[in-house]
Amino acid sequence: MTHLANRRSSFVPYQRHESGTQPESLYEPYRSTLRRAPSKPLIFLPHTLSEVTGPVYGHGNIAETDNDLTAQHQGEPLGERIIVTGKVLDSNGRPVPQTLIEVWQANSAGRYAHLKDQHPAPLDRNFTGAGRTLTDEHGAYRFITIKPGAYPWLNHDNAWRPAHIHFSVFGRAFISRLVTQMYFPGDPLLAFDPVYQSVPDEKARQRMISKFDLETTQPHWALGFKFDIVLRGPDATLFESI
Amino acid sequence: MRMVPTPSQTVGPFFAFGLTQGKACSPCIAGPDAKGERLRLLCCVLDGDGVPIPDAMIEIWQADADGKYHHPDDPKSASANPACLGFGRMGTAEDGTCRFETIKPGRVPGPDGMLQAPHLNLALFARGLLKQLYTRVYFANDPANQEDPILVLVPKERRSTLIAQLENGGRWRFEINLQGERETVFFDV
C-alpha cells in the first residue's frame, strides 16, 4: 500500500438510524417524492473523517434579533406570540452545544414571505419569519415568534399543511445534519398530512410535536412551547471503549 | 441510553428566505487566501423527467488542500488552513444550477488507513425530498480515483455519476440526476 495515512484517525462512527424512525425517500401520498426520490438502492458508506466532521459556527454568525422573529421590523407582527425553547441532544442523550439552528415559517395567516407562495392570505410587513441562533453550553436554545397559520397546498384535494416551524440543525457532523418541522400539540390536520405521516414509527413521529409548557409561558405576554431535538450521535458502545 | 433521533422532513418549497438568502448562504467554500488549486464548480439538479429543479439546496463540506478538515475531530485540524472553512451552501436557480468557488481538497484518511481521493461531500435538500441525499464529487482524471476506498464500493458502471467533468473554460460541472439511467449514486450514511 503506497498511500497509508500518516496516522489512524481516532474518530468514532455514528449510529445508524433504526428502520422506520426516518421517512423513506419515496412516499407516494406525498406526490412530489414520485419524480424526486432516487429509484436505485443507496450505497452503504462506511464513516470516515469526511462524514463525522462538519461546519463549525461561532457567535459572529448571529445578530441580536436573529432569535426574536417579532423584533425584526418596525412594528410587531400580527398573531399569537409564542416562545419556542428546548435542547439539542445527541442520541446518547448528550447536549450538543454551540450548534447552529435556523428556523423559517409562514406568518399567522399561513403565508410565507416567498415570491412563489400564491396562497391568498395577507402578508405581514412586520414579519419575515426567519431566525437563527446557536445552542448554549447545555445545548439549549430559545426563539420568540408568532404561531404560524395552517395553509393549503396542491398535493391532493383539499390538502392543508398543519401549522409548523421549519428547523435546520447542524450538530457536530455533516451526517448529523437535520432539517425537520416542528408541529403543535393537538393539531387535527396532522392525521391528514402526508409529510408528517411519512415517518412510519409512531414514537419517532411524535418527536416532531412540541409540548405546551406552562413554565415557559410568560404571564400576560406569550405562550410557551418545548421542542427538544435529537440528532444522531457517535456509536455509544464504541464511544465507551476508547 | 439511546434516544430515537428526530425524523427528517422536507425543506419544502419556501426555504429561500430562511436558508439561501443573505448571510445564511455562501458560494465561497474556501476564501481567496486559501492555499491550493482554485476551482469553480457548477452543479445542476434534475428530476426523474430530466427537468431542472429550481427549489433545491446544495451544501458542500470539504477538507483543505492538505486534506485536513476545519473541525476538532480531525486530529490534524490544529494546522488546518483557516482560510478554508470548508462549507458552502447555495439554492438552485430556475435552471436547476448553482455555483461554488473553492480549492481542490487534499486526500483525507479513509477506512483501513487508506487515503481517499480528493472529494467534496455533498448534501442535497429539496421539496419532495423527505430527507437529504448524500453524494460525493470526485474530479475527473485524478489518478487517486483509481484507488479510492469509497469509489470501489460503487458498481463500476455507476461510478462516473460521482465524477465532475472539466468543461471548456476551466469550470467543473457536476450533474445530479435524481432518477433515470444516469441516476446519481447516493449514499446510505
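Q: What share of the contacts in chain A with a separation of 6 or more joins residues 24 or more positions apart?
A: The share is 72%. A contact here means two C-beta atoms, placed from the backbone, within 7 Å.

Q: On what kind of model does this rest, and how are residues numbered?
A: This is a predicted model, where local features need pLDDT of at least 70, side-chain atom pairs count only at pLDDT 80 or more, and totals for chains, interfaces and linings use all residues. Residues are numbered from 1 along each chain as its sequence is written, and chains are lettered from A and ligands numbered from 1 in the order in which they are written.

Q: Why is chain A called as compact as a globular protein of its length?
A: Its radius of gyration is 20 Å, close to the 18 Å that the globule rule gives for 242 residues, so chain A earns the description. The radius is taken over C-alpha atoms; the rule is 2.2 Å times the number of residues to the power 0.38.

Q: What makes strand S1 of chain A and S9(B) a pair?
A: Pairing needs at least two bridges found by DSSP. These strands have 2, in the parallel sense, so they qualify. Strands are DSSP runs of E, at least two residues, numbered from the N terminus. Phe44(A) stands opposite Asp188(B) in S9(B).

Q: How many residues of chain B are in contact with chain A?
A: 64 residues of chain B are in contact with 73 residues of chain A. Helix H1 (16–19), a DSSP run of H or I of at least four residues, gives two or more residues to that side of chain B, as do strands S5 (119–126) and S9 (187–188).
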